[in-house]
Amino acid sequence: MTTTSYLWTPPPVRSLPVRGRTERAPINRLFFVGRNYHAHAVEMGKPVDKASAKLFYFTKAPQTLVESGATVAYPPQTANFHHEMELVVVIGVPGFNVPVEDADKLIYGYACGLDMTRRDLQLVARDQGRPWDLGKDVEDSSVVSEIVPMPGVVLERGALALTVNGQPRQQSDVAMLIWNIREVIADLSRFYHLQTGDLIFTGTPEGVGPVIAGDRIDGHIDGVGEIRLHIGAAE
Ligand code: MN
């Protein structure tokens, strides 16, 4: 038997807890849908007409994954660090070019997610036609709760809310998604061979806004669960 030897210690496998299981779910890629709630698209100054618009995505490195309950440092190079509360779909069965009517077969379950964003850098990049990476692919910015197994279940509704220090900031419902869960999975599978352990953040509703060091974020989605994040001091 040959054992591979490495120059330095390989990075750990990223994983999340799963409700009712002792095993953790290893996480593969992190996909994010942009502008998937009308009122959020409007607050960002980019309303969506589904008849002519197409779904679009960005990705974050799996190394940005953080588990609910953590404290993360206020990130560098921003003065406008925003919360985005989102429903996360967990892929449990591989698929490529999946028809909308078969998209449910890829679903392992769901989780609550926070797509934390350096909004000032994202908007500069957006308005200058540059990549969003510095605004979105932020260290410790992909926060996810425990995964709730619901194989093949398509969530069509569920109240979603986020508070900062107990004050309501975001309130909507999964039923308000512009592109629903089936449409998102089917469309994304036209561009990527979806794999077990891929996460799809389905977009945030209106009410995004800044947090500062010392803040506590709490979110929940009915039928899925809860998520919490503490913002620590900048390093
Ligand atoms: Mn988002």
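Accessible areas here come from the Shrake-Rupley method with a 1.4 Å probe. By that method, the surface of the chain in this predicted model comes to about 11,500 Å², and 53% of it belongs to carbon and sulfur atoms.

**Whole chain**

Start with everything shown as a C-alpha trace. Along its principal axes the trace spans about 55 × 45 × 35 Å. The radius of gyration is 17 Å; a compact globule of 235 residues would have a value near 18 Å, so the chain agrees with that expectation. Of the 235 residues, 48% count as buried. Switch to a cartoon and you will find four helices and 18 strands. Contacts reach far along the sequence: among those between residues at least 6 apart, 79% join residues at least 24 apart.

**The manganese ion**

Next, select the manganese ion with Glu 84, Glu 86 and Asp 115, its protein donors. The donor atoms are OE of Glu 84, OE of Glu 86 and OD of Asp 115, and they lie 2.0 to 2.1 Å from the ion. Along the chain the donors follow the spacing E-x1-E-x28-D. Are Glu 84 and Glu 86 buried or exposed? Both are buried.

**The sheet of β10, β7 and β16**

Now select residues 81-83, which are strand β7. This strand belongs to an open sheet of three strands, ordered β10-β7-β16, with antiparallel pairing. At the edges are β10 (117-118) and β16 (209-210), each of which pairs on one side only. Two bridges join β7 to β10. To see one pairing, pick Phe 81 and look across to Arg 118, its bridge partner in β10.

**Strands β6, β17 and β18**

Move on to strand β18, residues 225-232. Which strand runs parallel to β18? Strand β6 (residues 71-73) does, and three bridges join the two. Within this pairing, Thr 71 stands opposite His 230.

Strand β17 (residues 216-221) pairs with β18 in the antiparallel sense, over six bridges. Select Gly 219 and Ile 227 together: Gly 219 stands opposite Ile 227 of β18. Then follow the backbone from β17 into β18. The hairpin has three residues between the strands, and Gly 223 takes a positive phi near 85 degrees.

While the backbone is displayed, recall that strands of a sheet pair through backbone hydrogen bonds, either parallel or antiparallel. For a last view, keep β18 selected with both partners: β6 is parallel to β18, whereas β17 is antiparallel to β18.

Key
Residues numbered from 1 in each chain as written. Predicted model: local features only at pLDDT ≥ 70, side-chain atom pairs only at ≥ 80, totals over all residues. Heavy atoms only, no water. Donors = N, O, S within 2.8 Å, 3.2 Å for Na, K, Ca; no water. Buried < 20%, exposed > 50% of the residue type's maximum accessible area, 1.4 Å probe, protein only. Pairing = 2+ DSSP bridges. Rg over C-alpha atoms; globule rule 2.2 N^0.38 Å. Contact = heavy atoms within 4.5 Å.
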